[in-house]
Amino acid sequence: MTEQLRLMAVHAHPDDESSKGAATMAKYVSEGVDVLVVTCTGGERGSILNPKLQGDAYIEANIHEVRKKEMDEAREILGVAQEWLGFVDSGLPEGDPLPPLPEGCFALEDDETAAGRLVAKIRAFRPQVITTYDENGGYPHPDHIKTHTISMIAFEGAADTERFPEAEFGPAFQPQKLYYNQGFNKPRTVALHEALLARGLESPYGDWLERWKEFERAERTLTTHIPCDDFFEIRDKALIAHATQIDPDGGWFRVPMDIQREVWPTEEYELAKSLVDTSLPESDLFAGIRDNA
């Protein structure tokens, strides 16, 4: 190849990179691909989800710095580079009616202004492939939806010097493919659920599948299945590094590794934009790019 392959993964909060596509990134790092995680916010308003750390006064008072250190550790485990966009976490509104979003948060930022920061990252890193969230955000967190919005603007805008002048945002560049993370898909969940029950084991997915019925969301098109089971342990170590968010004894880790590898050894994506020819389904995010690189 005459040009280095580069993958950019755009995420809303620290820990998202480890729960969505982490094994894929570790696989590509092992193959010599440059991988950059762009984290839109600092996760400042994220709840402390690990019951072992709830009530810790230091963590509560210094959540921004704590989550930054967790991100540093996860980054090292995955072997990726990581940069911040510098926006403030919007939090997940709860209640009926929902409260207004906090002033100055990421979700309330002007779309074009916020996308400009991502355009600058794209033009500096020059990724052929970008991964992000679908229009629902994967789940309807306002920061995830905003991440989708600015990713779509930036994918096109990185090549548009009229919207984003080179003097301010760097030399124009056009990424070639954009994917939505779809790792939390129903076929995978059903397959693991049924495999556990068939072996006489308890499944953590029963409630998930019941909730799926309530949402009545259309199934996504899984265009791309990345074989990456050799990197599932690295994924789990990176997840555990986000100690405020992940309970090492929680549901994330209740499916034995041998069952995961046997039943569902891939991570899934939905090809949303492509400027190169490719045949679906794919097993490589760089399909259609490698031969021309």
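**Exercise 1. Classify Ala-115 by its accessibility and place it in the fold of this predicted model.**

Solution. Ala-115 has a relative accessibility of 0% and therefore counts as buried, the cut-off for that class being under 20%. The residue belongs to helix α5, which covers residues 111–125. For a contact across the sequence, take Phe-164: its C-alpha atom is 9.6 Å from that of Ala-115, with the two positions 49 residues apart along the chain.

**Exercise 2. Describe the overall dimensions of the protein and decide how its radius of gyration compares with the globule rule.**

Solution. Begin with the secondary structure, which amounts to 11 helices and seven strands. The radius of gyration is 19 Å, and the globule rule gives 19 Å for 293 residues, so the protein is as compact as a globular protein of that length. Along the principal axes, the C-alpha atoms occupy a box of roughly 60 × 45 × 35 Å. Buried residues make up 50% of the 293.

**Exercise 3. Characterise the aromatic pairs Tyr-28 with Phe-286 and Phe-164 with Phe-169.**

Solution. The whole structure contains seven aromatic pairs. In one of them, the rings of Tyr-28 and Phe-286 have centres 5.3 Å apart and planes at 80 degrees, an edge-to-face arrangement. An angle over 60 degrees is what that label requires. This pair connects distant parts of the chain, since Tyr-28 is in helix α2 (residues 22–30) and Phe-286 is in the segment after β7 (266–274), 258 residues apart. Tyr-28 and Phe-286 are both buried.

Phe-164 and Phe-169 are also edge-to-face, at 5.2 Å centre to centre and 90 degrees between the planes. Phe-164 is buried because its relative accessibility is 2%; Phe-169, at 15%, is buried as well.

**Exercise 4. Locate Trp-208 and list the groupings that include this residue.**

Solution. Trp-208 is part of helix α9, residues 206–215. Its relative accessibility of 30% makes Trp-208 partly exposed. Ring pairs join Trp-208 to a cluster with Phe-184, Tyr-205 and Trp-252. On the surface, Phe-184, Trp-208 and Trp-252 form a nonpolar patch of about 280 Å².

**Exercise 5. Work through the salt bridges of Arg-220, Lys-273 and Arg-235, giving the accessibility class of each partner.**

Solution. Side chains of opposite charge can pair when their charged atoms come close. The structure has 22 salt bridges.

1. Arg-220 pairs with Glu-135, with 2.8 Å between the closest N and O atoms. Arg-220 is in the loop between α9 and β6 and Glu-135 in the loop between β4 and α6, so the bridge ties together parts 85 residues apart in sequence. Arg-220 is partly exposed at 22%, as is Glu-135 at 40%.

2. Lys-273 pairs with Glu-156 at 3.2 Å, N to O. Strand β7 holds Lys-273 and helix α6 holds Glu-156, 117 residues apart. Their relative accessible areas are 26% for Lys-273 and 37% for Glu-156; Lys-273 is partly exposed, and so is Glu-156.

3. Arg-235 pairs with Asp-236 at 2.8 Å, N to O. Asp-236 is buried at 12%, and Arg-235 is buried at 10%.

Finally, Lys-27, Glu-31, Asp-284 and Arg-290 are joined in one network by salt bridges with shared partners.

**Exercise 6. Which rings lie under the charged ends of Arg-235 and Arg-117?**

Solution. The charged end of Arg-235 is over the ring of Phe-232, 4.3 Å from its centre. For Arg-117, the ring is that of Phe-87, and the distance to its centre is 4.0 Å.

Note on methods. Residues numbered from 1 in each chain as written. Predicted model: local features only at pLDDT ≥ 70, side-chain atom pairs only at ≥ 80, totals over all residues. Heavy atoms only, no water. Patch = residues over 30% accessible without salt bridge, like charges linked within 9 Å, V, L, I, M, F, W, Y side chains within 5 Å. Areas by Shrake-Rupley, 256 points an atom, 1.4 Å probe, with all protein chains shown as cover. Salt bridge = Lys/Arg side-chain N within 4 Å of Asp/Glu carboxyl O. Helix = DSSP H or I, 4+ residues; strand = E, 2+ residues; numbered from the N terminus. Buried < 20%, exposed > 50% of the residue type's maximum accessible area, 1.4 Å probe, protein only. Phe/Tyr/Trp six-rings, centres within 6.5 Å; stacked < 30°, edge-to-face > 60°. Lys NZ or Arg CZ within 6 Å of the ring centre and 35° of its normal. Rg over C-alpha atoms; globule rule 2.2 N^0.38 Å.
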